[in-house]
Amino acid sequence: MKTTPKHNERMAKMTFASVYPHYLTKVEKKGRTEEELEKVIEWLTGFDKKKQKELIDEKVSFETFFECANLNRNAHLITGVICGYRVEEIDNPLTQKVRYLDKLVDELSKGKQIEKILRKK
């Protein structure tokens, strides 16, 4: 799916620190825990709890966040619609990675089992 250059730039400049509290609120409202959120983020990025906190404290952009990440080899198995975009069809690699993360958080908040969120091939 085509995203606009302006949309992609906005995604790149957005900080992980600005979005994390929204992720946390979303999952906690639905009875999930911060530990589960951290686990999902670690699965996708390779960043453990300590590294996630460092990246929040450093206020890194999503561009830097995903440049430093070791994306899970099964991330391509993340499919579906999030924010009006079908994640597997997003043509900008960085925007797709951000939407992968959004999709995982959405699945967590909707009560999906952790084992299913952490896709295994």
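Student: Where in the chain does valine 60 lie, going by helices and loops?
Tutor: Keep in mind that we're looking at a predicted model. Helix H4 covers 49–57 and helix H5 covers 62–68. Valine 60 belongs to neither helix run, and its place is the loop between H4 and H5.

Student: Is valine 60 buried or exposed?
Tutor: The cut-off for buried is under 20% relative accessible area. Valine 60 has a relative accessible area of 9%, so it counts as buried.

Student: Which residues is valine 60 in contact with, once its neighbours within four places in sequence are left aside?
Tutor: One hint comes from phenylalanine 16, which is 44 residues away along the chain, with a C-alpha separation of 6.2 Å from valine 60. Phe16 does turn up among the contacts of valine 60. The whole list reads Met14, Thr15, Phe16, Leu55 and Phe65.

Student: Lysine 59 sits in that loop too, so what is its phi near?
Tutor: Yes, lysine 59 is in the loop between helix H4 and helix H5. Most residues other than glycine have a negative phi. Lysine 59 goes the other way, with a positive phi near 50°.

Student: And is lysine 59 buried or exposed?
Tutor: Exposed means over 50% relative accessible area. Lysine 59 has 57%, so the label is exposed.

Student: What is the phi of cysteine 83 near?
Tutor: Cysteine 83 lies in the loop between E1 and E2. Its phi is positive although the residue is not a glycine. The value is near 55°.

Student: How many disulfides does a search of the whole structure find?
Tutor: A disulfide is a covalent bond between the sulfur atoms of two cysteines. There are cysteines to look at: cysteine 68 is partly exposed at 46% relative accessible area, and cysteine 83 counts as exposed at 51%. For the whole structure, the number of disulfides found is zero.

Student: Is valine 87 buried or exposed?
Tutor: Valine 87 is in the loop between strand E2 (85–86) and helix H6 (93–109). Its contacts beyond four places in sequence include Ile78, Ile82, Arg99 and Tyr100. With a relative accessibility of 0%, against a cut-off of under 20%, valine 87 is buried.

Student: How far apart in space are valine 87 and glycine 46?
Tutor: Along the sequence, 41 residues separate valine 87 and glycine 46. Taken C-alpha to C-alpha, the distance is 20 Å.

Student: Which residues does valine 81 contact, leaving aside neighbours within four places in sequence?
Tutor: Valine 81 lies in strand E1, residues 81–82. It is partly exposed, with a relative accessible area of 43%. Tyrosine 100 is 19 residues away in sequence and 10.0 Å away in space, C-alpha to C-alpha, but the contacts of valine 81 are Arg86 and Lys103.

Student: How far is aspartate 48 from lysine 110 in space?
Tutor: Aspartate 48 is in the loop between helix H3 (34–45) and H4, and at 36% relative accessibility it counts as partly exposed. Lysine 110 is 62 residues away from aspartate 48 in sequence. The C-alpha to C-alpha distance between them is 23 Å.

Student: Zooming out, what pattern does the protein chain follow along the sequence?
Tutor: Count the elements: the chain has seven helices and two strands. In order along the sequence they give α-α-α-α-α-β-β-α-α.

Student: Why is the chain said to be as compact as a globular protein of its length?
Tutor: The globule rule gives 14 Å for 121 residues. The chain is close to that, so it is as compact as a globular protein of that length, with a radius of gyration of 13 Å.

Student: What share of the contacts with a separation of 6 or more is between residues 24 or more positions apart?
Tutor: Valine 60 and Phe16 are in contact, and they are 44 residues apart along the chain, so that pair clears the limit of 24. Over the protein chain, such residues account for 70%.

Student: What share of the exposed area do carbon and sulfur atoms supply?
Tutor: Buried residues make up 47% of the 121 residues. The protein chain exposes about 6800 Å². Of that area, the carbon and sulfur share is 50%.

Student: How far apart are the mean positions of the positive and negative charges?
Tutor: The protein chain has 25 positive and 20 negative charges. Their mean positions are separated by 4 Å.

Terms used: Residues numbered from 1 in each chain as written. Predicted model: local features only at pLDDT ≥ 70, side-chain atom pairs only at ≥ 80, totals over all residues. Heavy atoms only, no water. Helix = DSSP H or I, 4+ residues; strand = E, 2+ residues; numbered from the N terminus. Buried < 20%, exposed > 50% of the residue type's maximum accessible area, 1.4 Å probe, protein only. Contact = heavy atoms within 4.5 Å. Rg over C-alpha atoms; globule rule 2.2 N^0.38 Å. Areas by Shrake-Rupley, 256 points an atom, 1.4 Å probe, with all protein chains shown as cover. Lys, Arg positive; Asp, Glu negative; His and termini not counted. Charge placed at Lys NZ, Arg CZ, Asp CG, Glu CD. Disulfide = S-S within 2.5 Å.
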